[in-house]
Amino acid sequence: MEEREKLVCLAKLAEQAERYDDMVEFMKKLARMDVDMSAEERILFSVGFKHTIGAKRASWRIISSLEQQDTPGDKTGVMIDAYKKKVEDELRKVCNEVLSIIAIHCLPLANSGENVVFFYKMKGDYYRYLAEFSTGTEKKAASDQSLMAYQHAMVVASTELSPAHQIRLGLALNFSVFFYEIMNSHERACQVAKQAIDEGNTEIKSAGEGVYKDSALMMQFLRDNLALWTSEVAGGEASKDTDINMEG
């Protein structure tokens, strides 16, 4: 068995055991072999980091909620602030590592339209995660980089992938969330989501429901977000993005 196959096998075993830090290490080694990843490999690479970053993002949101309820300057508030900064440092470290690997080892080797869109989308996602907790010039820089990555992915997806392709729909889903939550551009978020739904539906109807059955979840998330964002009673409910296994 070649080293590449061994790393994939080990990553799968780590995923089954929910040892996501180990999974990430195996897939980082594979990425640094400078190979154009297969669909299975890019999923393992993405999923490992999603679990790592997902727990930290959830912690940050809870801490931020506690911070808003506390009186600034008291003992509990000081503890909350210190812990929040610790989580932010961990988030920043993970995001920067992912973005470095994508820039050096993934995008330069991506030959297929699917891989180009996948990794530019992933680049947009991790800059979006940075923008979620950053402030000032750091937030603007992360937001600008996220926007450019998503835009590039959309251009490639429009020529290389069907409107009902799961990766293209997942890209539209996360791009619309970026507009809603980071740019505070609710109208643009709705436009991106609605266009993806309309174009996806047209393609699915012409090709038949069974052809794009794996795209159903992305379509449903887009519909859910659009309904949430256009509702007057939407306050407080979180938008859905692709913090799931995108490709089944």
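A salt bridge is a side-chain nitrogen of Lys or Arg within 4 Å of a carboxyl oxygen of Asp or Glu. The structure discussed here is a predicted model, and by this rule the count in it comes to 18 salt bridges.

**Salt bridges**

The side chains of Lys-140 and Asp-144 meet in such a bridge, with 2.7 Å from N to O. Because Lys-140 and Asp-144 stand four residues apart in helix 6 (residues 136–160), about one helical turn separates them. As a general matter, an α-helix has 3.6 residues a turn, so residues three or four places apart point the same way. Lys-140 is exposed, with a relative accessible area of 54%, whereas Asp-144 is partly exposed at 32%. Elsewhere, Glu-25, Lys-28 and Glu-97 are joined into one network by salt bridges that share partners.

Two further pairs are set beside this one in the table, each with the distance between its closest N and O atoms or from N to O.

| Salt bridge | Distance, N to O |
|---|---|
| Arg-19 and Asp-22 | 2.6 Å |
| Arg-57 and Glu-132 | 2.7 Å |
| Lys-140 and Asp-144 | 2.7 Å |

Which parts of the chain does the pair of Arg-57 and Glu-132 link? Arg-57 belongs to helix 3 (residues 39–69) and Glu-132 to helix 5 (residues 113–133), so that this pair, 75 residues apart, links distant parts of the chain. Are these two residues buried or exposed? Arg-57 counts as buried at 4% relative accessibility, and Glu-132 is buried as well, with a relative accessible area of 19%, which is under the 20% that the term requires. In the pair of Arg-19 and Asp-22, by contrast, Asp-22 is partly exposed, with a relative accessible area of 27%.

**A buried residue in helix 5**

Helix 5 also holds Phe-119, which is buried, with a relative accessible area of 1%. Leaving aside residues up to four places away in sequence, Phe-119 touches Met-37, Arg-42, Phe-45, Ile-102, Cys-106 and Leu-107. Phe-119 and Leu-99 lie 20 residues apart in sequence, and their C-alpha atoms are 9.7 Å apart in space.

**Helices 7 and 8**

Helix 7 has 17 residues and reaches 23 Å from its first C-alpha to its last, which is close to the 24 Å expected at 1.5 Å a residue. Of these 17 residues, 16 are buried, so helix 7 is largely enclosed by the rest of the structure. Just after helix 7, Asn-184 takes a positive phi of about 55°.

Helix 8 (residues 186–207) has 22 residues, which should span 32 Å at 1.5 Å a residue, and its end C-alpha atoms are indeed 32 Å apart. Where on helix 8 do its buried residues lie? The buried residues are Ala-189, Cys-190, Val-192, Ala-193, Ala-196, Ile-197, Gly-200 and Ile-204. Because they cover an arc of only 160° around the axis, they lie on the same side of helix 8. On the other side of helix 8, Glu-187, Thr-202, Lys-205 and Ser-206 are exposed. What covers the buried residues of helix 8 includes helix 7 (166–182) and helix 9 (216–230). Just after helix 8, Gly-208 takes a positive phi of about 105°.

Technical notes
Residues are numbered from 1 along each chain as its sequence is written. This is a predicted model: local features need pLDDT of at least 70, side-chain atom pairs count only at pLDDT 80 or more; totals for chains, interfaces and linings use all residues. Side-chain values use heavy atoms; hydrogens and water are left out. Helices (H or I, at least four residues) and strands (E, at least two) are DSSP runs, numbered from the N terminus. The expected span of a helix is 1.5 Å times one less than its number of residues. Buried means under 20% relative accessible area, exposed over 50%, partly exposed in between (1.4 Å probe, protein chains only). The arc is that of the directions from the helix axis to the C-beta atoms. Contact means heavy atoms within 4.5 Å.
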